[in-house]
Each structure stands twice: as structure tokens, then as C-alpha cells.
Amino acid sequence: MRDDLKTLLELQELDLKIKAHEEEKAGIRRSLEELNEKIKAEEETLARLREEGKKETVQIKERELEAEEKRIQIDKYEKQLFQIKNNREYQALLDEIRGLKADIENIEDAALEVMEELEANRAGLKAEEERLSRDREKLRAREEEAVREIARIDAGIERLSSERQTLIPGVGQELFGKYCRIRDHKPGRALVPVVSQVCQGCDMRLTAQVNNDLYKEDCVLYCENCGRLIYLGKPPLSPPPAAE
Ligand SMILES: [Zn+2]
């Protein structure tokens with residue numbers, strides 16, 4: 001095999017390692033972002049629960065005031081009862097008082113319902129506050145860990161990059177340029193072997209012409225199908241004869 005090809009293959013392996021390191025870093029950043037999003041959603045839930053709690057407290061106060069007004073009215077009517085001589089008027093006032101008492105009962109029932117809601121809301125609020133504080137703590141710890149992890153990965157990338165740098169002169173400008181263009185646009189390897197006439201980048205069979213050229217000239221060509229750089233790989237060992 002040509003020396004420049006051998007060197008480019010080595011360089012390619014370093015590039016793949018560097019890429020894997022970059023992906024690892026992106027994964028760490030993504031997981032921090034996800035936790036941040038979760039915390040944001042929890043903060044919003046908490047704000048909403050607090051707002052609901054405030055509204056419910058106001059509603060309870062309003063109901064209490066309403067009931068109190070009706071009690072004052074009842075007091076007033078009860079005092080008036082003593083002054084009434086007319087039986088019909090007396091009955092009418094008694095009906096009024098009964099109506100007010102029924103109103104108070106309804107108001108108190110409604111207030112009780114809101115109080116129950118408020119209580120449930122408070123329990124939810126407490127659970128949400130605890131969750132939020134746990135997640136904030138988790139995020140803080142993960143951020144510290146991420147700083148250490150990323151420093152470790154960056155050190156690895158730096159090592160690989162300087163090793164890679166020493167290989168570039170051995171590849172030759174033209175071949176290196178072709179390799180870089182494909183590497184930036186294709187997933188996986190940019191330079192792949194052809195084994196048994198099949199491109200190992202896209203798994204497609206090459207034409208006889210391309211295959212002959214690879215054989216004759218020990219050269220690097222483009223795969224007609226996927227556009228990757230191809231070279232002649234070692235043919236696989238012939239399979240054992242099938243059992244009759
Ligand atoms: Zn191909």
C-alpha cells in the first residue's frame with residue numbers, strides 16, 4: 001500500500017476519535033440543558049401554584065366577609081322582630097332570617113371547598129419546592145462534574161490533534177484536501193476500502209472498470225455511488241465450503 005494512503009488511514013482514525021470526543025462533549029452539554037429546562041418548568045409550576053394559592057386565600061376571605069355581613073343582617077332582623085306587632089310582617093321577617101341562614105350555610109360550604117383546594121395546593125406546593133431544590137442541587141453538582149469532564153476530553157482532543165498534525169505532511173496536499181471535503185460532508189469514514197468489488201462506505205458493487213483501475217494502479221478513486229474515496233482493500237478469506 002502507498003505510504004500516503006497508510007498515513008491518511010492513520011489520520012482518519014485519529015479524526016474519528018476526535019469526533020467521538022466532540023460528540024461526548026455535546027452529550028454532556030445536552031444533558032445539562034435538559035436539566036435546566038426541567039428546572040425552568042418546575043419554577044413555572046411553582047409560580048402557578050403560588051398564584052392559585054393567593055387567589056384561593058382571597059376567595060376564602062371574601063366568603064367570610066359575605067357570611068359576616070349576612071350575620072349582621074340577621075342580628076338586625078332579630079332585633080326588629082320584637083318591635084313588630086303584625087303577624088304577617090313577623091312571618092315575613094322570619095322567612096328573611098331563614099333565607100339568610102341558608103345563604104350563610106351555602107357560603108360556608110363554598111368556603112370549605114376552597115379551603116380544601118388550598119390545602120391540596122399547599123401540599124403540591126411543598127412537593128414542588130422540594131423537587132426544585134433537589135434538581136437545583138443536582139444541576140450544580142452536574143455542572144461541576146461537566147467542567148472536569150470537558151477539561152479531560154479537551155486534553156484528549158488536544159493530544160490527538162497534535163498527533164494528527166504530524167501526519168498531515170505525509171499525506172500530500174491534494175489527497176488531504178479531497179479527504180477533508182468528504183469528511184466534512186459524509187457520515188462515517190471518508191476513505192474506505194473496496195472489498196470483493198464492494199465499496200465498504202455504501203455497500204454498493206463497483207463497476208468492473210473502477211475495480212480494474214483500483215487493481216492496476218494502486219490508486220485512490222471516488223466511489224461512483226457515495227462519493228467517498230476508495231482504495232483496494234484486502235479481499236476477505238474465502239468462506240469454507242458449504243456442507244453438502
Ligand atoms: Zn461507496
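This report covers the domains, the sheet and the nonpolar core of one protein chain.

**Domains**

The model is predicted. The domain assignment of the chain gives two parts: domain 1 (6-169) and domain 2 (172-232). Their centres, taken over C-alpha atoms, are separated by 57 Å. Five residues of domain 1 are in contact with seven residues of domain 2. On the domain 1 side of this contact, three residues are nonpolar, one is polar and one is charged.

**The sheet**

The sheet is open and has four strands. Their order is 2-1-4-3, and the pairing is mixed. Strand 2 (198-199) and strand 3 stand at the edges. Each has a single partner strand, so one side of each is left without a neighbour in the sheet.

Strand 4 pairs with strand 1 and also with strand 3. The table sets out these two pairings.

| Strands | Direction | Bridges | One opposite pair |
|---|---|---|---|
| Strand 1 (191-195) and strand 4 (229-232) | parallel | four | L191 and L229 |
| Strand 3 (221-222) and strand 4 | antiparallel | two | L221 and I230 |

L229 has a place in both pairings. In strand 4, L229 stands opposite L191. It also stands opposite Y222. I230, in turn, is the bridge partner of L221.

Strand 3 and strand 4 form a hairpin with six residues between the strands. In this hairpin, G227 takes a positive phi near 80°.

**The core**

Where do the nonpolar residues gather? In soluble globular proteins, nonpolar side chains tend to be buried together. Here, the largest nonpolar core has 14 residues. Those with the most contacts inside this core are L8, Y179, A190, L191, V194, L229 and I230. Helix 1 (3-81), helix 3 (173-185), strand 1 and strand 4 each supply at least two residues of the core.

Sheet and core share residues. L191 and L229 stand opposite each other in the sheet, and both are on the list of residues with the most contacts inside the core. I230 is on that list too.

Which residues does I230 touch, not counting those up to four places away in sequence? They are V192, V194, C199, L214, L221, Y222 and C223. Among them is L221, the bridge partner of I230. V194, another of these contacts, also belongs to the residues with the most contacts inside the core.

Methods
Residues numbered from 1 in each chain as written. Predicted model: local features only at pLDDT ≥ 70, side-chain atom pairs only at ≥ 80, totals over all residues. Pairing = 2+ DSSP bridges. Domains from an automatic or database assignment. Contact = placed C-beta atoms within 7 Å. Nonpolar A, V, L, I, M, F, W, Y, C, P; charged D, E, K, R; others polar. Core = buried A, V, L, I, M, F, W, Y, C linked by C-beta atoms within 7 Å. Buried ≥ 20, exposed ≤ 12 C-beta atoms within 10 Å, placed from the backbone.
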